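Morning, everyone. I will take one structure today and go through its helices, cores, ring pairs and salt bridges. Please have the display open.

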Amino acid sequence: MAGQTLPPLKALRVFEAAARLRSFTAAADELSITHSAVSQQIRILEEYVGQPLFAREARGVALLPCAQAYFPEVQASLERIAAATAKLKSPAYGGVLRVCATPSLTMKWLIPRLSTFQAQHPGIDVQLSTQARPFLDRGGDPGSDVLIRHGFMAHSDLACVHCLDDFHVPVASPRFIERNRLTAPADCLGHPLLKISGGMDHWPRWFALAKVDVPPQLPGPVFDHQFLCMQAAMNDLGIALAPWCLLEDDIRADRLRPLFTQPQLPNAGIHALYRQDGHAAASAQVFITWLCAQQRGLPAPD
């Protein structure tokens, strides 16, 4: 490091948030600073590196080609700094971390990525559960340390962090698509629409965005969990409206294919609820930092 100079750390944090969220406004909200402060820090970093880093778009900002390779390096470096600092601050860093997520998030999103976290943080033993437990029950059971869900979770004693953006898209198996004519959103009405019991309004909302009138009752079965709905689509039972964050492995393996890139039905995204004090606070913070860094996974459809 002798003779080397580093860019301002505050500017790097702002750059990472703006690049990950693809929005100066969202970065300002996450960092609890003003929009103008985000713009100022980005200007400081751009002046430091001697070139612009972002291009303005209708819905936010996008990284310029010169910054696309810089972003994951900065993100990984900040993650390592956060982990090292947490370890230094707390002797409780490491040990068991109890993480609870919905069955679909656990199976389709968290487990496929967890090996990368364990490789980076071998001292933290992540124990997964799909059954929500209180953070501290009356019997003294420590319960969950981190709770992961779609949507914001309000709790007076705990912190809730928005980790990942997300949206729903219609998907079907390659065989189903090849056998049926599906060239426009209205074509979906002639086929079984697979639903989940906790999201019965998803299909009507998606059709509304597509400007398609629908009957009061839409055909197709209802499932308890999103992963069951997706599995039914893989087995040619109909069309599923699935969260994009859960589709990465199935799309890469060509088990499912998006029917249309638009419209995208927005949802609240993935949030994590955790305690900022206690025996697992340092490990939880490391896990949350890693969780937020996963936004750079599967790129959004064009």
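How many residues apart are Glu-248 and Arg-252 in helix α10 (residues 248-252)? They are 4 residues apart, so about one helical turn separates them. Helices here are DSSP runs of H or I with at least four residues, strands are runs of E with at least two, and both are numbered from the N terminus.

Before going on, the basis. This is a predicted model, in which local features need pLDDT of at least 70 and side-chain atom pairs count only at pLDDT 80 or more, while totals for chains, interfaces and linings use all residues. Residues are numbered from 1 along each chain as its sequence is written, and side-chain values use heavy atoms, with hydrogens and water left out.

Back to that helix α10 pair. The side chains of Glu-248 and Arg-252 form a salt bridge, at 3.3 Å from N to O. The criterion is a side-chain nitrogen of Lys or Arg within 4 Å of a carboxyl oxygen of Asp or Glu. The two ends of this bridge sit in opposite classes: Glu-248 is buried at 15% relative accessible area, whereas Arg-252 is exposed at 55%. For those classes, buried means under 20% relative accessible area, exposed means over 50%, and partly exposed is in between, using a 1.4 Å probe and protein chains only.

A search of the whole structure gives 10 salt bridges. One of them joins Asp-236 and Arg-175, at 2.9 Å from N to O. Asp-236 is in the loop between α9 (226-234) and β10 (239-243), and Arg-175 is in helix α7 (residues 174-179), so this bridge ties together parts 61 residues apart in sequence. Asp-236 is partly exposed, at 22%, and Arg-175 is partly exposed as well, at 38%.

Another bridge is Asp-201 with Arg-205, where the closest N and O atoms are 3.7 Å apart. Asp-201 is partly exposed at 40% relative accessibility, and Arg-205 is partly exposed at 35%. There is also a network of salt bridges that links Glu-16, Arg-20 and Glu-30.

Now the overall numbers. The protein has 302 residues, of which 46% count as buried. Its secondary structure comes to 11 helices and 13 strands. Taking contacts with a separation of 6 or more, 75% are between residues 24 or more positions apart; a contact here means heavy atoms within 4.5 Å. The exposed area is about 15300 Å², with carbon and sulfur atoms supplying 54% of it. That area comes from the Shrake-Rupley method with a 1.4 Å probe, and for residues only the protein chains shown count as cover.

Next, the interior. The largest nonpolar core has 45 residues, and Val-146, Ile-148 and Phe-287 have the most contacts inside it. Helix α11 (residues 281-292) gives the most to this core, with 7 residues. Apart from it lies another core of 21 residues, including Phe-15, Phe-24, Phe-54 and Phe-71. A core in this sense is a set of buried Ala, Val, Leu, Ile, Met, Phe, Trp, Tyr and Cys residues joined through side-chain atoms within 4.5 Å.

On to the rings. The whole-structure search finds 12 aromatic pairs. Rings of Phe, Tyr and Trp (its six-membered ring) pair if their centres lie within 6.5 Å; planes under 30 degrees apart are stacked, over 60 edge-to-face, and the rest tilted.

Is the pair of Phe-15 and Tyr-70 stacked, edge-to-face or tilted? The centres are 5.5 Å apart and the planes are at 40°, so this pair is tilted. Phe-15 lies in helix α1 (residues 9-21) and Tyr-70 in helix α5 (residues 70-89), so the pair ties together parts 55 residues apart in sequence. Phe-15 is buried at 0%, while Tyr-70 is partly exposed at 26%. Ring pairs also link Phe-15, Phe-24, Phe-54, Tyr-70 and Phe-71 into a cluster.

Trp-203 and Trp-206 make an edge-to-face pair, 5.6 Å centre to centre with 90° between the planes. Both lie in helix α8 (residues 202-209), 3 residues apart, which is about one turn of the helix. Both are buried.

Last item, the cysteines. The structure holds 0 disulfides, the test being a pair of cysteine sulfur atoms within 2.5 Å. Cys-229 is buried at 1% relative accessible area, and Cys-245 is buried at 11%.
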